Amino acid sequence: MITTGPEVARWVCKKLDSAYQEGAQGIGLEKNGELVAGVCYDNWNKKSIMANIVIEKKITSEFLYSIFYYPFLQLGLEKIFCRINDTNKKSIRLCSKMGFEREATLSDAHPDGDLYLYTMKSANCRFTGERYGKYLKVA
């Protein structure tokens, strides 16, 4: 089941040991009443948004559609950003597999080393099309 709201954003921030920013929004995937994946969106500037992603168990096509529908189709933004430290190989693989591209390296910007900035443009997102959209009906 897809769930939304600031409580999902807080869950994501807690999992990432990151500070919750007031006004951040979240989209989560619940299984058996428990959050198993979520995205926290913050730093929206009318053109782009920052996304922090946590996935603990298998996700659904409905979840994929939802997390890209919100920034690209509902808000009409052009770009999503994700920050990933250079030692987090699992997240790097996940973002690359989703279609994000590494756009910048911020040297020594993370306690574990460098911080990578991954981005995805709306025009390059394959999850907002008909294939994934058929799984979710959005009002």
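Biologist: Which elements each supply at least two residues of the lining of the largest pocket?
Modeller: This is a predicted model, where local features need pLDDT of at least 70, side-chain atom pairs count at 80 or more, and totals for chains, interfaces and linings use all residues. A pocket is an open set of points on a 1 Å grid over the protein atoms alone, with protein on both sides within 12 Å along at least five of seven lines, and its lining residues have an atom within 4 Å of a point. Elements are DSSP runs numbered from the N terminus, helices being H or I of at least four residues and strands E of at least two. For the largest pocket, the elements asked for are β4, β5 and α3.

Biologist: What volume does the largest pocket have?
Modeller: Volume is the space filled by probe spheres set on the points, which are joined across faces, edges and corners. For the largest pocket this gives about 660 Å³.

Biologist: Of the residues that line the largest pocket, which are the closest to its centre?
Modeller: The lining has 22 residues in total. Those closest to the centre are L16, I53, R83, N88 and S91.

Biologist: Residues are numbered from 1 along each chain as its sequence is written, and side-chain values use heavy atoms, without hydrogens and water. In α3, which residues are on the face turned away from its buried side?
Modeller: I92, C95 and M98 of α3 are buried (under 20% relative accessible area with a 1.4 Å probe, protein chains only; exposed is over 50%, partly exposed in between). Because their arc, taken from the directions from the helix axis to the C-beta atoms, is only 135°, they lie on the same side of α3. The face turned away from them carries the exposed residues K90, R93 and K97.

Biologist: What residue just after α3 takes a positive phi?
Modeller: The buried residues of α3 are covered by elements including β4, α2, β5 and β7. Just past the end of α3, phi is about 115° at G99.

Biologist: Which element gives the most to the largest nonpolar core?
Modeller: Such a core joins buried Ala, Val, Leu, Ile, Met, Phe, Trp, Tyr and Cys through side-chain atoms within 4.5 Å. This one has 28 residues, and Y41, I67, F68, M98, F100 and Y118 have the most contacts inside it. Elements that each supply at least two of its residues include β2 (25–31), β3 (34–42) and α2 (61–74). With 6 residues, the one that gives the most is α2.

Biologist: Which residues does I67 touch, leaving out those up to four places away in sequence?
Modeller: Contact means heavy atoms within 4.5 Å. By that rule the partners of I67 are I27, V39, Y41 and M98.

Biologist: Which elements give two or more residues to the lining of the largest cavity?
Modeller: In a cavity, a 1.4 Å probe fits but cannot get out. V39, Y41, A51, I53, I67, F68, I80 and F100 line the largest one. The elements that give two or more of these residues are β3, β4 and α2.

Biologist: What is phi of D17 near?
Modeller: D17 is in the loop between α1 (6–15) and β2. At 76% relative accessibility D17 counts as exposed. Its phi is positive although D17 is not a glycine, and is near 55°.

Biologist: And what is phi of K46 near?
Modeller: K46 is in the loop between β3 and β4. With a relative accessible area of 65%, K46 is exposed. Phi of K46, another residue other than glycine, is positive and near 75°.
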